[in-house]
Number of protein chains: 2
Amino acid sequence: MKLQKELRLKQPLASVNHEALLSLVRTSSLMQKLSDRFFSLFGLTDVQFNILMILKEHRTEGLSQQKLSEHLIVTKSNVVGLIDRLERSGYVTREAHPSDRRFNQIVLTRKGEKLEARIENRYFKEVDKMMNVLATSEKKAVIRAMERIRDYIGNNGA
Amino acid sequence: MKLQKELRLKQPLASVNHEALLSLVRTSSLMQKLSDRFFSLFGLTDVQFNILMILKEHRTEGLSQQKLSEHLIVTKSNVVGLIDRLERSGYVTREAHPSDRRFNQIVLTRKGEKLEARIENRYFKEVDKMMNVLATSEKKAVIRAMERIRDYIGNNGA
DNA sequence: AGACGACAGTTTATATATGAACTATCTCTA
DNA sequence: TAGAGATAGTTCATATATAAACTGTCGTCT
């Protein structure tokens, strides 16, 4: 749908720049709402599934909350609550670091591993279905464009 | 920066589809963080400025909270708190609808109008600076690609 | 050895967001 | 016209997110 209609704007957007920006933000927001609905089928949120995937990728070394916050690109104070909820649900545990008592090592439980495995394939299938509305060349163009925007932001006070 | 490095992934992303999706979500998230930092210079959040712009566009007819929630594409329960905070800051007021007491008409105060006017130009300048890292043809390609993705989502249970 | 600084995690206050249940008001229809 | 259903807004429980202030632990440096 055209953005103008979707955002109920009275007039067309004055600048291509603003239109491109709103397109991105609006589309990303819709994608996240869709993924949240998908993961709610399994009693998870999108963020929680993301954490399970990250923990799976690092299951050999383990991850501290600090490192996890760097992977998620959120603050460490946010991670406290995220892990609280996943722990309450039984998907992860906080384990003591063998030599440094400042660290919590966050570890997937068997239950967490099983849930992640059960969801993963279905998730990637949904991703493929959505993104295949674009040709490969278009996807690559989007990836390059996004990278340039992020580089701008990174050099301007992110 | 390459997404793989930014997200601290051990291996390159297996599929272009997933990479394109994460590119979008990650870039949009960074853009929102940047805009939040910009608006905090004026004591606002990005969402609050967006509301002031929408109210300005509709200052002749006025907007109910319900209509506002449709413009913002959020739930009406969310709008309650957003307007509470803007009202507490003195930028908007809730006024009684002349004939239907169920409605709150949300109206910009003089103070809200002035603040919006003071920020607007500077905001669009920042938008231009960021988006001009892309050529016009690239922006248009992004706009079209985002539209196709939103159309997919709209037809698949959004 | 003791002090200081760095680092990990927590807490608190605040903002945004949803869905479900509720109140008040309005409208339509039997 | 009385009751039923629709509509607008609020409240509550929950999840995500930040910044700032705090605690506990570790290392380093004198």
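How many nonpolar, polar and charged residues does the surface near DNA strand C have? By class, the surface has 6 nonpolar, 11 polar and 8 charged residues. The legends below take you through this predicted model, starting with the two protein chains and then coming back to the DNA.

**View 1. Chain A meets chain B.** Here you can follow 63 residues of chain A in contact with 64 residues of chain B. Together the two chains bury about 6,300 Å², and 62% of that area is on carbon and sulfur atoms. On the side of chain A, look for A:Asn17, A:Arg150 and A:Tyr152, which lose the most area to chain B. Those residues together make up 12% of what that side buries.

**View 2. Charged and polar pairs between the chains.** The count of salt bridges between chain A and chain B is 10. One to look for joins A:Glu6 to B:Arg150, with the closest N and O atoms 2.9 Å apart. Across this interface there are also 27 residue pairs in polar contact, both residues being at pLDDT 80 or more.

**View 3. The helices of chain A that touch chain B.** Elements giving two or more residues to this side are α1 (3-6), α2 (16-40), α4 (65-72), α6 (110-131) and α7 (136-154) of chain A. The largest share, 18 residues, comes from α2(A). Sorted by class, the side of chain A that touches chain B holds 29 nonpolar, 14 polar and 20 charged residues.

**View 4. The surroundings of DNA strand C.** Now turn to the DNA, where 25 residues surround strand C. The closest come from both chains: A:Gln66, A:Asn104, B:Thr45, B:Thr75 and B:Arg85. Of the atoms of DNA strand C that come within 4 Å of the protein, 71% belong to sugar and phosphate. At least two residues of the surface near DNA strand C come from each of α4 and α5 (76-88) of chain A, and from each of α3 (46-57) and α5 (76-88) of chain B. The largest share, 4 residues, is supplied by α5(B).

**View 5. Chain B at the phosphates of DNA strand C.** Three residues are worth finding here. The side chain of B:Thr45 has an N or O atom 2.3 Å from a phosphate oxygen of DNA strand C. For B:Arg85, a polar side-chain atom lies 2.6 Å from a phosphate oxygen of the strand. With B:Arg101, look to the backbone instead: one of its polar backbone atoms is 2.8 Å from a phosphate oxygen of DNA strand C.

Conventions
Residues are numbered from 1 along each chain as its sequence is written. Chains are lettered from A and ligands numbered from 1 in the order in which they are written. This is a predicted model: local features need pLDDT of at least 70, side-chain atom pairs count only at pLDDT 80 or more; totals for chains, interfaces and linings use all residues. Side-chain values use heavy atoms; hydrogens and water are left out. Contact means heavy atoms within 4.5 Å. Buried area is the accessible area (1.4 Å probe) that two parts lose on being put together, summed over both. A salt bridge is a side-chain nitrogen of Lys or Arg within 4 Å of a carboxyl oxygen of Asp or Glu. A polar contact is a pair of N or O atoms within 3.5 Å; within protein, one must be able to donate a hydrogen and the other to accept it, and residues adjacent in sequence count only if both atoms are side-chain atoms. Ala, Val, Leu, Ile, Met, Phe, Trp, Tyr, Cys and Pro count as nonpolar, Asp, Glu, Lys and Arg as charged, and the others, Gly among them, as polar. A residue is near a molecule or strand if one of its heavy atoms lies within 4 Å of it.
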